[in-house]
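User: Could you take a close look at one part of this protein for me? I'd like to see how a pair of helices packs, and what sits around that spot.

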Amino acid sequence: MEEIDMNQGHPVIAVTHVRRAFGTKEVLKDISLQVDQAETFGILGPSGSGKTTLVKLLTGIDEVTSGQVEVLGVQMPKLSMLQQIGYMAQSDALYSELSAKENLEFFASLYGLRGGNRTRRIADVMEVVNLQEHLRKRVDQYSGGMKRRLSLAIALLHEPPLLILDEPTVGIDPVLRKSIWKELRALNGKGTTIVLTTHVMDEAEKCDRLAMIRDGQLLAVDTPADLLQNTGAASMEEAFLYYGGARR
């Protein structure tokens, strides 16, 4: 796998004046933001706000209408960058007729993981999402929450420098959610950069920095504490409403 040199001080992600339109419908309007190395950067917004479209631009699944997206110093989209990104989509991209182990082995082969290293990584990620006992179970026998957990395990498999997670903890019980957040923090400590989308306010507060997005527009980018302080809000929900123009 080609290693990308991350010089200190360079953003892992740089989004510059990005616009995305489908026909006459403008889904993202002049978005500019940066994500730094080893931070957890949250994108907060209601359904239909443009979060998933933005994530698809960051991963190179989709292309901008205008503007520029750079990831790890490379202009997106670029196919080779998939090796550097762990991506968890909002809808689970799993082979339901295969077992969890077979799914993991398939994705491991795509990422070039072989032999003992592959076996070790599969065991490690299944432990993170607490699915060790269900390794050989067919995915079509998994519950919705278990599928989300397996999707997260696949995103973590190749230890990428950048994790992009679209609504990662939807349908996951609070106890496991807490342990997943602990693992995400440990990954930050090892230098991994994490971008995640959420519409859950208490999850937004766990991020190092937060981008608030609504109707395709970036309302604010700051630390959760500063967003609260700047708006005089008692909760993240109040702060979001403030920036969204619903000021009371």
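Analyst: Sure, let's start with α3 and α4, which pack at an angle of about 140° with their axes 9 Å apart. (Helices are DSSP runs of H or I, at least four residues, strands are runs of E, at least two, and both are numbered from the N terminus; axes are lines fitted to C-alpha atoms, for helices over the stretch in contact, with angles from 0 to 180 degrees between N-to-C directions.) The two helices are therefore oblique to each other, as angles under 35 degrees count as roughly parallel, over 145 as roughly antiparallel, 65 to 115 as roughly perpendicular and the rest as oblique.

Who does the touching? From α3 come Arg121, Val125, Met126 and Val128, and from α4 come Leu150, Ala153 and Leu156, where contact means heavy atoms within 4.5 Å.

A quick note on the source: this is a predicted model, where local features need pLDDT of at least 70, side-chain atom pairs count only at pLDDT 80 or more, and totals for chains, interfaces and linings use all residues. Residues are numbered from 1 along each chain as its sequence is written, and side-chain values use heavy atoms, leaving out hydrogens and water.

Now zoom in on Leu150: leaving aside residues up to four places away in sequence, it touches Leu94, Ala100, Leu104, Met126, Leu131, Val139 and Tyr142.

Leu150 and Met126 are also among the residues with the most contacts inside the largest nonpolar core, which has 46 residues. (Such a core is a set of buried Ala, Val, Leu, Ile, Met, Phe, Trp, Tyr and Cys residues joined through side-chain atoms within 4.5 Å; buried means under 20% relative accessible area, exposed over 50%, partly exposed in between, with a 1.4 Å probe and protein chains only.) α3 (115–128) and α4 (144–156) are among the elements giving two or more residues to this core, and α4 gives the most, with 7 residues.
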